[in-house]
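Work through the following exercises with the sequence and the model side by side. Each task is followed by a solution that goes step by step.

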Amino acid sequence: MDQRLRTDYFYNLNLLEHVEVDVFPMIKKTEHVPESLIGFNYIKTKKHHEKCVHFYLDDYQFERVWSKPELYADNLMKFDSVFTPDFSLYLDMPMPLQIFNTYRNRLLGAYWQSRGMTVIPTLSWSNDKSYSFCFEGVEPGGVVTISTVGCYRNKHANKLFLEGLDEMVHRLEPKKVLVYGKDIGIVNSKTEFIFFENETIKRMEGGR
């Protein structure tokens, strides 16, 4: 393999031939709402193919879907639906890296759609500086997903989350928002919110 092809595969540029691209690869809207979720880290050990696969995990647990996209697409196709990977957008993360992680989210989601999967876009943001890119690459009017994990006990994180949520609803006008985690005071009459429990917290609380 020549050096140019090595570079193309390192950045998954070969996937772009399968997807529509504006500034970011475009994930087309869906109205699908899954009945239940399964974490990506369990897809090989539990055969709950009727579930939707989520990536609300530490990044290292799913970095492999980026490094070997074709391989993991074959596994993900077996499931009812899939959220796009929740690559982190931390406040202290350089903005170019936040943009790259948003790009990776969109490219994999658009590629999975090209493979025939039902894909629900995962949306995240850091602060208002991220608004210029973090809602791009998602067709308005569909079902999207967000997570409140990490916002429970941190007032500043809670405030930034709720501000970003209002901005997301304003820009994308989602039909429904699937929330992974607890209700942290979401008040927005413009869309419907559906909550899914954090399995890790649920297991910890059940063991008490």
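**Exercise 1. Decide whether threonine 102 is buried or exposed, and find what surrounds it.**

Solution. In this predicted model, the relative accessible area of threonine 102 is 3%. The cut-off for a buried residue is under 20%, so threonine 102 counts as buried. The next step is to place the residue, and threonine 102 turns out to belong to helix α4. Finally, once neighbours within four places in sequence are set aside, the contacts of threonine 102 are Phe24, Leu89, Phe133 and Cys134.

**Exercise 2. Locate tryptophan 112 and list what it touches.**

Solution. Begin with the element: tryptophan 112 is in helix α4. Its relative accessible area is 0%, and tryptophan 112 is therefore buried. Leaving out residues up to four places away in sequence, tryptophan 112 touches Phe55, Val65, Ala73, Leu76, Val82, Phe83, Thr84, Pro85, Met117 and Val119. One of these partners, proline 85, can be followed further, since 27 residues separate it from tryptophan 112 in sequence, while the distance from C-alpha to C-alpha is 11 Å.

**Exercise 3. Find the loop that holds threonine 84, and state which residues it touches.**

Solution. Threonine 84 is part of the loop that runs between β3 (81–83) and α4 (95–114). A position in a loop does not settle the accessibility, which has to be read separately; for threonine 84 the relative accessibility is 0%, so this residue counts as buried. Beyond the residues up to four places away in sequence, threonine 84 touches Ile27, Phe55, Asn105, Gly109, Trp112, Val119, Ile120, Pro121 and Thr122. Trp112, among them, is the residue of the previous exercise, where Thr84 appears in turn among the residues touched.

**Exercise 4. Characterise proline 140 by its place, its accessibility and its contacts.**

Solution. Proline 140 lies in a loop, with β4 (119–120) on one side and β5 (143–147) on the other. With 42% relative accessibility, proline 140 counts as partly exposed. If neighbours within four places in sequence are left aside, proline 140 is in contact with Lys29 and Leu172. As a last step, consider aspartate 92, which is 48 residues from proline 140 along the chain; the two C-alpha atoms are separated by 29 Å.

**Exercise 5. Which phi values do asparagine 12 and glutamate 173 have, and is each residue buried or exposed?**

Solution. Start from the general expectation, which is that most residues other than glycine have a negative phi. Asparagine 12, although not a glycine, has a positive phi of about 55 degrees, and glutamate 173, also not a glycine, has a positive phi of about 45 degrees. Turning to their places, asparagine 12 is in the loop between α1 (3–10) and β1 (37–39), whereas glutamate 173 is in the loop between α5 (155–172) and β6 (176–180). Their accessibilities complete the solution: asparagine 12 is buried, with a relative accessible area of 3%, while glutamate 173, at 60% relative accessibility, counts as exposed.

**Exercise 6. How many disulfides does the structure contain, and why does cysteine 134 not form one?**

Solution. A disulfide is a covalent bond between the sulfur atoms of two cysteines. A search of the whole structure finds zero disulfides. For cysteine 134 the closest cysteine sulfur is that of cysteine 151, and the separation of 14 Å is too far for a bond. The cut-off is 2.5 Å between the sulfur atoms. Accessibility is a separate matter: cysteine 134 counts as buried at 1% relative accessibility, and cysteine 52 counts as buried at 0%.

**Exercise 7. Describe the chain as a whole, from its elements to its surface.**

Solution. First count the elements, which come to six helices and seven strands; from the N terminus on, their order is α-β-β-α-α-β-α-β-β-α-β-β-α. The radius of gyration is 17 Å, close to the 17 Å that the globule rule gives for 208 residues, so the chain is as compact as a globular protein of that length. Next, take the interior, where buried residues make up 49% of the 208 residues. Of the contacts between residues at least 6 apart in sequence, 68% join residues at least 24 apart. The exposed area of the chain is about 11100 Å², of which carbon and sulfur atoms supply 50%. Lastly, the chain carries 26 positive and 28 negative side chains, and the centres of these two sets are 5 Å apart.

Definitions and conventions: Residues are numbered from 1 along each chain as its sequence is written. This is a predicted model: local features need pLDDT of at least 70, side-chain atom pairs count only at pLDDT 80 or more; totals for chains, interfaces and linings use all residues. Side-chain values use heavy atoms; hydrogens and water are left out. Helices (H or I, at least four residues) and strands (E, at least two) are DSSP runs, numbered from the N terminus. The radius of gyration is taken over C-alpha atoms; the globule rule is 2.2 Å times the number of residues to the power 0.38. Buried means under 20% relative accessible area, exposed over 50%, partly exposed in between (1.4 Å probe, protein chains only). Contact means heavy atoms within 4.5 Å. Accessible areas come from the Shrake-Rupley method with a 1.4 Å probe; for residues, only the protein chains shown count as cover. Lys and Arg count as positive and Asp and Glu as negative; His and the chain ends are not counted. The place of a charge is taken as NZ of Lys, CZ of Arg, CG of Asp or CD of Glu.
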